[in-house]
Amino acid sequence: MSMPEQHEYLRTKLSRRRVIASSAATVGGAALLGGASPAYAGSPALLPSSVTARVDGSLVAPFGRHLAFGADPKTQMRISWQVPFAVKRPYVRVGLKPWELGRKIEAEVRALHTPSLSRKLPAVDQFYLHVGLDGLRPGTTYYYGVGHDGFDPADAARPAGLSSVSSFRTAPARPETFVFTAFGDQGVSYDALANDQLILGQNPSFHLHAGDICYADSSGHGRESDTYDARVWDQFLAQTESVASRVPWMVTTGNHDMEAWYSPNGYGGQSARWSLPGNGPDAANAPGIYSFTYGNVGVVALDANDVSYEIPANRGYTDGAQSAWLDKRLGELRRQAGVDFVVVFFHHCVYSTSTHASDGGVRDAWLALFTKHQVDLVINGHNHVYERTDAIKNGEVGRPVPVGASTDPTRDGIVYVTAGGAGKDLYGFGLGVKDSYEGNVHDHDHIVSFHWTKSRLPDPDTVEWSRVRYTGFSFLAVEAEAGTSPRLKVSALAESGERVDYFEIRRSR
């Protein structure tokens, strides 16, 4: 089913279930006073603003803090968090010192209701809080604490409040060397947590999450057998808080992030839980499409669900608006003074030989645009491995890029990285295909793989571009150097901290 069909299916199913339950209660002669609540099919995903606190605020501790840039990382930051119960007057305190949080900003409440979508799971109410900070100073460290009536982060007499104080740093006014990290397909696990802690040790300026964020939706077909447990988001945000409360966590949308209950395109849940830059073609309906510039790097986030041949539930939902915006935005970034590199990230793989292989829909929609605007690096998830291509030009190897090599996108083509080893159960490669990474190189002349076609059938490929393959948990760390000889120093790090890949990107002037 398409995502709108799944949405309608779930709403109708829940409405029918409630009608049957209500009828049974009436026939039994004991219809309850509260049993006349409206059917879910017509109710909004967000709880009404009349929901008020029922628990003493001093007993409610915030959790799951996560940051995101606004459209301008030099002057804008978005702070988001969660509380387990409704609270009164939530807010953020901000200051230039941790003991001087004088500025107080009221938070926006996005309360999300998830009914019992199966008889094994309870209904869940979740309360997400958001504050947008604008007019910040570039290159400045700010301290912040989140609170509400009864829980003040500036109250030194209450250690629990002080524990909610963290910090962030805005982007510098002028380009300077920095690091960013990236992966996809994280979920909730000890391996996911280990990757988070290792990422924090890289001191990144931001992190890119290429979709399939927490896996609350483990199937997404809108069938009776489906499972969707909204409580997994609570676990995920608590797990990620140690790093995401300090490092802007820039997410885009994977196939498991389409949650059909909340909205016809499945993104109502994402819109409730995340505050993203909102400068894409239709931020209200496509929150995972946006861009920002940090230092000398322009970053573009895309929603590959819109063009995927493999998983077509949301294919075409932007009616071409995303691709038109991408063409325009890549052109703007290439003309923007001070931008040396353009990085694009999204979920489905352009080039991979693991379980899901390559998505022909992504290739058909965007490859020509990547080539036209000489994108420097493309980062994907979806396949739960690390795989890195040679430089690819016009669908073929433009230049081999072995571990430790340097490549020039203006001459050689584009390097594509699958960084899907964030924490979810790992995949593998084909029969007889060995891992090949730093210190353990096993080159293959070719690998037999496939790509998905518009008819949702696999079309065989004979691949010569699969250069690095690693089946352990891992993530990407990229150091961007500015100056007279700018470069991207790209490394892949295993969960142990061991480096498994390294290459450089330099552009001809």
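**Two sheets and a pocket**

Four strands, in the order E4-E3-E7-E8, form an open sheet with antiparallel pairing. Two of them sit at the edges: strand E4, residues 103-106, and strand E8, residues 165-169. Each of these edge strands pairs on one side only. From one strand to the next, the twist averages 30°.

Now look at one pair in this sheet. Strand E7 covers residues 141-147, and its antiparallel pairing with E8 runs over 5 bridges. Pick out Tyr142 and cross to E8: the bridge partner there is Phe168.

Before going further, remember that this is a predicted model. How far can the coordinates be trusted? The average pLDDT of the chain is 90, and 90% of the residues score at least 70. Residues 22-45 are another matter, with pLDDT below 50. In the model, this stretch has 21 contacts beyond near neighbours in sequence. Where pLDDT is low, predicted coordinates should not be read in detail.

Strand E8 also leads to the next feature, the largest pocket. Its volume is about 420 Å³. Which residues are closest to the centre of the largest pocket? Of the 20 residues in the lining, they are Arg169, Asn203, Pro204, Ser205 and Tyr294. Strand E9, residues 178-183, and E8 each supply at least two residues of this lining. E8 gives the most, with 3 residues. Sorted by class, the lining of the largest pocket has 9 nonpolar, 8 polar and 3 charged residues.

Turn to another sheet. This open sheet has 7 strands, and their order is E12-E13-E14-E16-E21-E17-E24. Here the pairing is mixed. Why do strands E12 and E24 each have one side without a neighbour in the sheet? Strand E12 (290-294) and strand E24 (466-470) stand at the edges with a single partner strand each, so one side of each is left without a neighbour. The twist in this sheet averages 15° from one strand to the next.

Follow one pair here too. Strand E14, residues 341-345, and strand E16, residues 377-380, pair in the parallel sense over 3 bridges. Find Phe345, then look across to E16: Ile379 stands opposite.

Last comes a helix. Helix H6, residues 321-335, packs on this 7-strand sheet. H6 touches E12, strand E13 (297-301) and E14. The direction of H6 makes about 175° with that of E13.

Conventions: Residues are numbered from 1 along each chain as its sequence is written. This is a predicted model: local features need pLDDT of at least 70, side-chain atom pairs count only at pLDDT 80 or more; totals for chains, interfaces and linings use all residues. Side-chain values use heavy atoms; hydrogens and water are left out. pLDDT is the predictor's confidence in each residue, from 0 to 100. Contact means heavy atoms within 4.5 Å. Two strands pair if DSSP finds at least two bridges between them. Axes are lines fitted to C-alpha atoms, for helices over the stretch in contact, and angles run from 0 to 180 degrees between N-to-C directions. On a 1 Å grid over the protein atoms alone, a cavity is a set of points where a 1.4 Å probe fits but cannot get out, and a pocket is an open set with protein on both sides within 12 Å along at least five of seven lines; lining residues have an atom within 4 Å of a point. Grid points are joined across faces, edges and corners, and a volume is the space filled by probe spheres set on the points. Ala, Val, Leu, Ile, Met, Phe, Trp, Tyr, Cys and Pro count as nonpolar, Asp, Glu, Lys and Arg as charged, and the others, Gly among them, as polar.
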